[in-house]
Amino acid sequence: METQVVGLDACLIRNYLRRMNLLRLCGWERGAEAFMRHDSQGRFVPLAEIPHQVDDLGAQIALCIAPGGEDYEHANAGLYDTAWYLITEMANNVRQHSRGIGFVAAQITLSDGYVRIAIADGGCGIPASLKDAGFPWAQDLPDEDIIERAMVARVSSKGQPANEGVGLSLSSRIVDLMGGHMLIASGAGTVIRGGGTVLKKGRFENGNRFPGTLIAISFLQSEAADFDSKLHKAKELEIPLRAIPASAIFQP
Amino acid sequence: MTHEIHLRDDFGPRLCDGSEAYGFRVSNIDPYLNLPTCDQVILDFTGIRSANSSFVNALVSGLFEQHGEEALKKLVFRGCLPTVRVLVEAAIELGMSKHAERV
């Protein structure tokens, strides 16, 4: 199916969308590129399709956001780890749950210090995925309430034994702890979480729907340096620990 | 008998695919935990730079859900970076909680 675009000439961010590959990926521009590409110098990562293996994709984008961070001793290691973790968790969701094609892009805005990552897919969406999985609680809830529940630990459409359903909730909490927000739009519903709570929940106007899932994440670059401790804190907040934690054997 | 598993040899430096982890666990770890002659199973994370919850939970949580305290006695986690260790500890807690619910 071919889509048509109307009013692109009047779009004020047309050149930005072109450089982010949106026009080409949508099939709205074909043939040779009529502009010169420059090195993004760690400021943005153009839209890329999520492949079967999300590992390399996560590493490439993390490296662009945090140059040098693949070295654990580097000053950018925390930012690299944050980006890699969030991208691979979200991209895994796209690949495993949505049954559709997905895209990811990232940007750092130096003026406000925020890292922004967006992941979108044209699959079945979170509400439909959880309804199809047969969860009784999901059958009669509005889409925005289903999305909210999906952001809570141990809710996953894929289910046991390969999935514990903590990826989305831990990611959301990590973003919280880094002074950011997570927006999820799927089906008819939208939810924005930040500061440990749901900031806004609603529905698209006029009965509109987004058939897949869009996840937009923002977090402060300066808060990502201690990813280890943020992850630890997120774990404590999202995963109910037993009174006496298990004493497993760890060796250096 | 001690059985050592070097994860980097099988998965490279980054661990992120939960379905791969689950398959590996069933075929390469579970059988040794069930083996009476196997005293210790070492999961060696040396050389693993990054891991996410999908992978670590699929690899570790089910072992504890299934084997409980026995897994605590037999399993050793070696060479974890701090980030990886947090994820392993979370997976153990999830698994042990579910084991307690089953008993």
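In this predicted model, A:R193 has A:V198 as its bridge partner in β6(A). That pair belongs to a longer ladder, since strand β5 (residues 189-194) of chain A is joined to β6(A) by six bridges, and these two strands run antiparallel. Strands of a sheet pair through backbone hydrogen bonds, either parallel or antiparallel.

If we step back from this ladder, we find that β5 and β6 of chain A are part of an open sheet of seven strands, whose order is β1-β2-β3-β7-β4-β5-β6 and whose pairing is antiparallel. At the edges stand β1 (44-49) and β6 (197-203) of chain A, each of which has a single partner strand, so that one side of each has no neighbour in the sheet. Ignoring direction, neighbouring strands of this sheet are turned against each other by 10 degrees on average.

A helix can now be added to this picture. Helix α6 (residues 143-150) of chain A lies across β4 (181-187), β5 and β6 of chain A, and it runs at about 35 degrees to β5(A). Within α6(A), the residues A:D143, A:E144, A:I146, A:I147 and A:A150 are buried. Seen down the axis of α6(A), the buried residues fall within an arc of 160 degrees, and therefore they line one face of the helix. The elements that cover these buried residues include the strands β4, β5 and β6 of chain A, together with the helices α5 (126-132) and α7 (167-177) of chain A.

We turn next to chain B, which has five helices and five strands. Read along the sequence, these elements follow the pattern β-α-β-α-β-β-α-α-β-α. A compact globule of 103 residues would have a radius of gyration near 13 Å, and because chain B has 13 Å, its value agrees with that expectation. Taken along the principal axes, the box filled by the C-alpha atoms of chain B is roughly 35 × 30 × 25 Å, while buried residues make up 49% of the 103 residues in the chain. Among the contacts in chain B between residues at least 6 apart in sequence, 89% join residues at least 24 apart.

How do the two chains come together in a sheet, and in what order do its four strands stand? The open sheet has the order β8(A)-β5(B)-β3(B)-β1(B), and its pairing is parallel. Its edge strands are β8 of chain A and β1 (2-6) of chain B, each of which pairs on one side only, and the twist from one strand to the next averages 25 degrees. Inside chain B, β1(B) pairs with strand β3 (residues 40-44) in the parallel sense over five bridges, and B:I5 has B:L43 as its bridge partner in β3(B). Between the chains, strand β8 (residues 249-251) of chain A is joined to β5(B) by three bridges, the two strands running parallel; here the bridge partner of A:Q251 in β5(B) is B:R78.

The contact between the chains as a whole takes 33 residues from chain A and 31 residues from chain B. On the side of chain B that touches chain A, at least two residues each are supplied by α2 (18-34), α3 (53-67), β5 (75-78) and α5 (82-102) of chain B, and the largest share, ten residues, comes from α5(B). Sorted by class, this side of chain B has 15 nonpolar, eleven polar and five charged residues.

Technical notes. Residues are numbered from 1 along each chain as its sequence is written. Chains are lettered from A and ligands numbered from 1 in the order in which they are written. This is a predicted model: local features need pLDDT of at least 70, side-chain atom pairs count only at pLDDT 80 or more; totals for chains, interfaces and linings use all residues. Two residues are in contact if their C-beta atoms, placed from the backbone, lie within 7 Å. Ala, Val, Leu, Ile, Met, Phe, Trp, Tyr, Cys and Pro count as nonpolar, Asp, Glu, Lys and Arg as charged, and the others, Gly among them, as polar. Two strands pair if DSSP finds at least two bridges between them. The radius of gyration is taken over C-alpha atoms; the globule rule is 2.2 Å times the number of residues to the power 0.38. A residue is buried if 20 or more other C-beta atoms lie within 10 Å of its own, exposed if 12 or fewer, and partly exposed in between; C-beta atoms are placed from the backbone. Axes are lines fitted to C-alpha atoms, for helices over the stretch in contact, and angles run from 0 to 180 degrees between N-to-C directions. The arc is that of the directions from the helix axis to the C-beta atoms.
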